[in-house]
Each structure stands twice: as structure tokens, then as C-alpha cells.
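Please look through the structure below; the questions and answers that follow take up its ligand and some of its charged side chains.

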Amino acid sequence: MGAATVRLDPAFAVGPVRPRIFGSFVEHMGRCVYTGIYEPGHPEADELGFREDVARFVRELGVTVVRYPGGNFVSNYKWEDGVGPKADRPTQLDLAWRSVETNQVGTDDFMDWARGVGVEPMMAVNLGTRGVQEAIDLLLYCNAETGTSWPDRRAKNGHVEPHDVRVWCLGNEMDGPWQMGHKTAEEYARVAEETARAMRRVDDTLELVACGSSNRGMPTFGTWERVVLERCFDLVDHISAHAYYEPVDGDVDSFLASGEDMHRFIESVVATADHVAAVKGSDKRIMVSFDEWNVWFQGRFHGESSLAIREAPELIEDVYDVTDAVVVGSLLITLLQHTDRVSMACQAQLVNVIAPIATKPGGASWKQTIFHPFALTAQHARGTVLRPAVACDTVETKAFGPVDQLVVTATHDPETGDLAVFVVNRSRTETAELTLDVAAAVGGDPTAYTLVEHLQVHDDDTSATNTEAQPDRVVPRAGDAAVDGTHGTTLTATLPATSWHCIRLTEGTVQ
Ligand code: AHR
């Protein structure tokens with residue numbers, strides 16, 4: 001058992017909570033779209049064929065922005081196949097996932113779904129097998145006012161009003177040899193530059209995301225970002241980062257410390273982007289779009305080429321346990337800690353495919369364990385991200401050396417007076433006795449803060465999962481946080497080994 005102290009002072013702010021950090025990702029992969037968000041004929045399907053039970057979960061999850069339609073899929077996608085009367089849409093072979101793509105869901109359908117669930121759409125264009133022309137065609141189809149061919153076609157397809165998509169990804173993981181139309185950094189930089197220039201000719205207010213690295217271990221990591229930004233610096237706003245985590249060779253201690261990798265990843269990309277800025281003599285700051293992240297047991301996936309060709313196959317439907325939920329919670333903490341430079345983040349993916357929401361075709365849907373830290377963080381992180389002072393023990397890890405036992409962030413909303421503290425105990429064996437000191441935040445006034453709620457994701461059985469039969473086996477439960485009666489400005493809580501916590505306080509007395 002270790003003692004840990006966290007001190008909070010709203011004077012030490014990292015930056016604003018950026019709502020787009022609570023993004024997600026819908027790819028035409030496996031059962032994310034078909035029998036995931038969309039299943040006409042399902043008892044809960046709406047008139048467009050979208051599952052209402054899934055839509056309710058998406059709203060509860062608190063997702064703000066959803067990236068679409070891929071992922072690797074986008075790099076061989078012909079978006080034109082997915083618009084117009086459904087009966088006329090061709091069935092195609094998607095080579096990214098060796099799947100039969102019926103095109104029954106496409107751009108307009110996704111926009112209808114996004115509007116219905118209240119999320120912002122974020123589109124990716126195909127810079128693998130296609131290029132500048134198809135990207136601007138899609139942009140015009142989505143965003144232009146009627147009067148020319150593409151937007152008139154959109155109007156004919158039932159959408160007179162432009163979809164007005166603000167954020168566009170210039171391809172997906174173009175550094176990866178697995179990508180259809182994979183490119184060297186120089187080749188990609190050139191096509192991204194030309195595509196961005198053309199898209200800006202249509203609308204200079206768009207936010208454009210250049211492809212960064214598929215993970216921090218890519219042989220081109222660092223060089224890729226430099227080469228791409230040297231060409232695209234003035235044309236893009238964000239550079240992407242992707243990372244998936246799993247216990248490698250059963251090393252759960254390092255897995256619990258995955259936030260350390262994400263932290264180093266962000267710092268390196270920021271340093272590279274700022275180096276390019278320095279060389280160019282620019283004050284512009286390129287932001288990181290962490291638009292794919294999650295726990296993914298990649299060791300269990302044998303690669304795209306091994307897949308039999310099927311329609312809506314069950315692909316990478318990982319079942320998450322308590323440890324995975326704690327890791328997901330810690331990754332969200334890491335993203336918040338970097339709110340000064342991380343503009344967006346998308347958990348990959350939303351439904352069935354390495355996802356917080358699981359469905360049975362024609363049947364039930366339920367929340368995976370990882371749903372809970374995401375939903376609570378998205379609900380309660382408001383206002384400004386604070387930089388807490390943390391004193392705690394360390395945990396030894398093979399991958400990162402010694403790391404702090406606790407990962408902590410906090411947000412303070414000056415409008416409501418709410419303070420939310422998010423903490424993970426990443427030790428597998430040691431409880432932490434937390435003392436949270438908010439004295440600096442309240443100037444010593446003992447009545448200034450009241451405990452609202454302490455919720456934790458923890459279970460003595462860290463391998464516990466949620467299933468169709470037991471959908472609420474793992475849910476957030478009350479923790480034991482209590483405000484010290486004599487001082488009122490310190491709070492104590494027991495944080496068991498492998499646990500995630502959301503501790504909420506508010507200024508004054510809870511009504
Ligand atoms: O999310 C699954 C896949 O992971 C995406 O298609 C790809 O971009 C990444 O490698």
C-alpha cells in the first residue's frame with residue numbers, strides 16, 4: 001500500500017478541454033457498419049435502417065466526432081458507389097479487408113446517421129488508389145451549394161443542403177506497407193500537398209489532417225512527419241497519430257503503462273512539427289489528431305491476406321476486460337494531459353470492431369467494459385485541463401522503465417465550479433491511499449468544495465468482461481472518497497490495484 005498526494009490549483013492550466021478529443025471511428029470493416037450501426041430489418045431499426053439501440057449507446061458514450069469511412073478501407077474506396085438509389089449501387093470487393101462491400105451505406109447515409117446521433121462527421125479521402133480529382137469531387141459532393149454537377153447529384157439523392165464537413169483526412173496510414181497504394185514519405189507529401197491545395201481552392205476554411213505515422217515503432221517514424229510537414233506545413237492544420245496497445249508477450253505491467261508510449265509519441269510528433277515551424281520561421285502550431293487509438297489484441301489477428309472473402313465478417317471483435325478498461329481510461333487521461341497540442345482523437349472503432357459497443361445481428365447490443373471510462377470522461381471533463389502536482393510510488397515496467405503508479409488529470413469548469421479528477425492506479429499489486437489537496441484551488445476556504453461522486457472501474461477479477469448474457473458484469477461502482485471534515489480542502493480515497501477513477505467535486509454545497 002502506497003501513499004499518494006495530488007495537489008490541484010486552477011492557476012496551473014494546460015489548456016481548454018477540446019470536445020473533439022472524445023471522437024470515434026466508423027470504418028467499413030467487419031461488422032462496424034453492417035449489423036453494427038446499420039441493420040435494416042432489425043426490430044430496433046429506424047426508417048433508414050439504422051439501429052436505434054446502437055444510436056442510444058452512441059449518445060450515452062458522449063462521442064463528439066466520428067471519422068469515416070476508413071481506415072484501410074478508404075484507400076481503395078470509390079465513394080461514388082455508395083451514393084444514389086440503393087438498388088443501383090454496385091457490390092464491390094474491398095481489398096483492404098478482403099470483404100464484400102454492398103455499398104448499402106455510403107456518404108449521404110453516414111451523414112444522416114451522424115446527424116441523428118448528434119456527432120460531427122470527419123471524412124477521409126482515398127489517396128491510395130485514387131488522388132486529387134476524386135478528393136475534390138467528394139468535397140464538392142458533400143459541401144458545395146447546388147448549381148454544379150456534384151452538388152446537384154447530392155440534391156437529386158435527397159440532400160439539397162450541403163453536409164458542410166469541416167474536417168478532412170488526407171488519406172489513411174499511407175506510411176504502412178499494408179495500405180492499398182502505400183507511398184514513401186516523399187510520394188505521399190507530394191500528393192497530400194496537391195490535394196490539400198485543390199481542396200483549399202474549394203474552401204480555405206476546411207481543417208485538413210495530414211497522415212502521420214501508423215505507430216511510434218514504424219521505421220520511418222519522425223522522418224515521415226518531417227518530410228510531410230516540410231511540404232504541407234502551410235496547407236494543413238493537423239497531423240495524425242495512430243496507436244493500438246496490447247500486452248506484448250503477456251507483459252501486463254507495460255500494457256498498463258501504455259499511456260507512456262502515447263505520451264512519448266505525442267511529444268515526438270510535436271517536437272518534429274515545431275522543428276519544421278522553426279526552420280520555416282513560422283509561429284504556426286500544427287496540432288496532433290490522434291485519430292485511431294485503442295486496445296487491440298493484434299497478436300490474435302493474422303493479417304489481411306489470411307482472410308476469406310465474406311460479407312460483413314466478424315473481424316477483430318475483441319472482448320475487453322477490466323484491465324483493458326483501465327488502460328483505455330489511462331489513455332484518455334494522457335490525451336487530456338496533452339490538450340495544448342492534441343486537437344482531436346478518435347477511439348477505433350465504434351461498434352463491434354475493437355469497440356465499446358457490441359451487437360448481435362438481429363439481436364441485442366451491450367456495452368463493453370471500455371465503454372465506461374470513455375463515457376464518464378466525456379461526460380465530466382469540462383472547462384480547463386489542470387496540471388496536477390503528483391507525488392506517488394513508481395511501478396517498474398519492461399517497456400518504459402519506472403513509471404508513476406498513478407496517472408492523473410483534472411478539469412475545472414469556471415462556469416459551474418465543477419472539478420473532475422481522473423486517476424488510474426496502474427500497479428497490478430499495490431493499492432494507493434490518495435490524498436487530494438485542493439487547498440490552493442479554494443484559498444483555504446473549508447466550505448468551498450463538496451464531493452459530488454466517486455465512481456471507479458475495478459474488479460477483484462481483472463479478467464471480468466461484459467457479455468450478452470451478463471451485460472452489466474463490469475460497471476462503474478461507488479468508490480470510498482471522502483472529504484476531510486476538519487479541513488474540507490483535502491479528500492482521501494482508496495485506489496485499489498488496477499483501477500480507474502472519476503472523482504467529482506463542486507464549489508459550494510451540492511443542491
Ligand atoms: O482500425 C483498424 C485498422 O487499423 C484501420 O483500418 C487502420 O487504419 C489501422 O491500421
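Q: How many Å separate a polar side-chain atom of Glu27 from an oxygen atom of the ligand?
A: In this predicted model, local features need pLDDT of at least 70, side-chain atom pairs count only at pLDDT 80 or more, and totals for chains, interfaces and linings use all residues. Residues are numbered from 1 along each chain as its sequence is written, and side-chain values use heavy atoms, with hydrogens and water left out. A polar contact is a pair of N or O atoms within 3.5 Å, where within protein one must be able to donate a hydrogen and the other to accept it, and residues adjacent in sequence count only if both atoms are side-chain atoms. For Glu27 and the ligand oxygen the distance is 2.6 Å.

Q: Which residue has a polar side-chain atom 2.7 Å from an oxygen atom of the ligand?
A: The side chain of Tyr244 also places an N or O atom by a ligand oxygen, at 2.8 Å. The residue with the 2.7 Å distance is Glu292.

Q: Which residue forms a salt bridge with Asp164?
A: Side chains of opposite charge can pair when their charged atoms come close. A salt bridge is counted where a side-chain nitrogen of Lys or Arg lies within 4 Å of a carboxyl oxygen of Asp or Glu, and Arg197 with Glu194 is one such pair, at 3.8 Å from N to O. With Asp164, the closest N and O atoms are 3.0 Å apart, and the partner is Arg166.

Q: How many salt bridges does the count come to?
A: Arg166 with Asp164 is one salt bridge of this kind. By the rule the count comes to 34.
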